Amino acid sequence: MSHHIVEFKNVSFCYPDGTQALKDISFRITHGESVGIIGANGAGKSTLLMHLNGYLMPTSGTVNIGDVYLTKKTQQEIRRKVGIVFQNSDDQLFMPTVYEDVAFGPLNLGLDEAAVRERVDFALNLVNGLELKNKPPHHLSCGQKSAVAIASVIAMEPDILAMDEPAANLDPRSRRLLINLLKTFEHSKIIASHDLDLIMDVCRRCIVVRDGAVAADGPVMEILTDKTLLEENHLELPLSLQR
Amino acid sequence: MTFDTQYYNIGFLDQLSYKDTFVHRLDPRVKLVVTLLFLFTVISFSKYEIFALVPFFLYPVLLMTLGEIPFMFILKKVLLVSPFAVFIGIFNPLLDSGQVFIFNGFTISAGWLSFISILIKFTLTVSTALLLIATTSFPGVCHALRRLKLPAIFVSQLLFLYRYLFVLMEETMRIVRARNMRSFGERGKDMRIYVRLAGTLFLRAVERAERIYHAMLSRGFQGDMPTLKHFQIKSGDVFFALSALALLFVFRFFPATEILGRFVQGVFL
């Protein structure tokens with residue numbers, strides 16, 4: 001299946017206030033690849049992720065997701081293909097109970113009730129969250145919220161999974177569980193994070209973004225061992241490589 | 001810190017609705033409609049009515065007992081909002097000074113009667129509305145409203161209000177704590193600072209709203225909040241609705257207090 005590709009071609013994006021957030025970015029991610037996006041604060045990682053499902057439209061250049069070019073018309077179709085997990089789970093979980101939240105996406109896809117229930121159970125089970133289903137999100141811990149947020153995206157059965165700082169706010173054990181979980185997914189994965197150890201564990205390839213442009217793109221072990229490159233981008237060697 | 005305690009209080013109202021009693025199991029639509037009818041019946045009485053209103057306390061008391069809702073909790077909530085009712089009626093005894101004969105030559109001004117009537121109506125309506133939420137849960141009421149054909153946009157607004165009330169309160173709590181930690185004594189607590197805090201809170205809320213909308217779009221939101229909840233009218237619901245209707249009818253159109261009084265008189269005299 002070669003159609004789960006993500007291709008950015010000369011993408012630039014300028015915020016209404018004039019900030020040039022992306023400058024001529026090009027890359028191609030093929031089916032099943034797991035890619036880490038790293039870079040300093042404000043380098044443009046989040047802006048880049050927001051282009052993946054058409055929340056932001058490139059000022060110039062093209063975004064191609066699974067052979068569909070991103071336009072106003074194809075937004076809905078692209079949102080089905082790309083599931084985004086946001087940094088702050090409170091923003092992601094907006095329904096009164098966990099179950100309703102995970103069901104929100106599938107219901108919007110127009111599935112019938114049996115199919116929705118099946119997907120919700122499957123997704124919650126996958127993140128070990130089945131016993132949380134009747135709880136309201138504001139009574140969950142951060143780790144539980146993050147698990148449910150992932151389930152809510154998995155229930156949409158996206159081809160491509162994008163995450164913004166998935167391990168921020170998690171305690172080490174929840175973080176480890178998350179890493180193990182991510183390793184089992186066969187989706188194409190795009191993970192923006194400062195947690196380089198997580199990137200090293202989960203991803204094969206790594207893209208370094210600096211000032212809205214691609215500063216480096218290559219195999220994860222090559223990039224994460226390049227001390228000079230990392231330090232130029234306000235990063236350091238992953239902790240596990242510092243000894 | 002009063003803010004913190006208020007916060008946990010609201011959480012408590014929320015947790016009351018997780019119980020599983022006869023009242024909690026009733027169909028939310030039925031409870032909602034009966035509550036509305038109750039409210040309209042209570043406010044339909046004339047402004048000097050007192051005695052005919054008293055029997056209506058049976059309904060909130062029954063809900064509270066069957067639904068295992070702590071009496072003190074409801075009482076505190078009612079007292080908390082009571083200033084509104086008190087200020088509406090407080091000048092009635094002065095403005096409406098016509099004399100009314102009560103019994104044995106004892107007279108008071110008509111204003112006092114209407115003031116007491118306002119207080120009773122207020123207690124009845126507020127406690128019943130609180131009990132509806134305590135036994136149904138706020139989202140339950142929202143979904144019932146949607147099923148009763150309230151437009152989707154209002155229901156979504158209500159659901160968001162409920163979901164993000166806690167988040168916003170936590171946000172406020174964090175801001176207030178941060179300020180208290182760095183303001184020593186009375187400095188940094190004047191009005192101007194409060195205005196700025198409110199501004200910060202507003203901006204944060206707007207940004208959050210944008211992120212939430214983004215998250216909703218990512219999951220295919222197209223204007224309506226879908227739900228999997230199924231409501232089914234069971235025999236218990238019918239029984240509840242019919243007996244509530246019968247009670248409301250009797251209390252509204254027959255002098256129940258007087259009948260009961262004569263009955264008691266007949267027994268003892």
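**Getting to know a two-chain model**

B:Asn92 counts as buried, because its relative accessibility is 19%, where buried means under 20% relative accessible area, exposed over 50% and partly exposed in between (1.4 Å probe, protein chains only).

Me: Hi! Before we go on, what kind of model is this, and how are things numbered?
Reply: It is a predicted model, where local features need pLDDT of at least 70 and side-chain atom pairs count only at pLDDT 80 or more, while totals for chains, interfaces and linings use all residues. Residues are numbered from 1 along each chain as its sequence is written, chains are lettered from A and ligands numbered from 1 in the order in which they are written, and side-chain values use heavy atoms, with hydrogens and water left out.

Me: Thanks! Which helix does B:Asn92 lie in?
Reply: B:Asn92 is part of helix H6 of chain B, residues 92–95. Helices (H or I, at least four residues) and strands (E, at least two) are DSSP runs, numbered from the N terminus.

Me: And what does the side chain of B:Asn92 make a polar contact with?
Reply: Its partner is the side chain of B:Ser114, at 3.0 Å. A polar contact is a pair of N or O atoms within 3.5 Å; within protein, one must be able to donate a hydrogen and the other to accept it, and residues adjacent in sequence count only if both atoms are side-chain atoms.

Me: New topic: helix H8 of chain B. How many of its residues are buried?
Reply: In H8(B), residues 138–147, 7 of the 10 residues are buried. Among them are B:Phe138, B:Val141 and B:His143.

Me: What covers them?
Reply: The cover includes helix H4 (98–108) of chain A, along with helices H3 (28–43), H7 (110–136) and H9 (152–182) of chain B.

Me: So how many residues does each chain bring to the contact between A and B?
Reply: Chain B brings 32 residues and chain A 31, with contact meaning heavy atoms within 4.5 Å. The two chains bury about 3,000 Å² between them, 57% of it on carbon and sulfur atoms. Buried area is the accessible area (1.4 Å probe) that two parts lose on being put together, summed over both.

Me: Last one: what order do the strands take in the sheet of chain A?
Reply: The order is E2-E1-E4-E5, in an open sheet of 4 strands with antiparallel pairing. E2 (20–29) and E5 (68–69) of chain A are at the edges with a single partner strand each, so one side of each has no neighbour in the sheet. Two strands pair if DSSP finds at least two bridges between them, and 6 bridges join E1 (residues 6–14) of chain A to E2(A).
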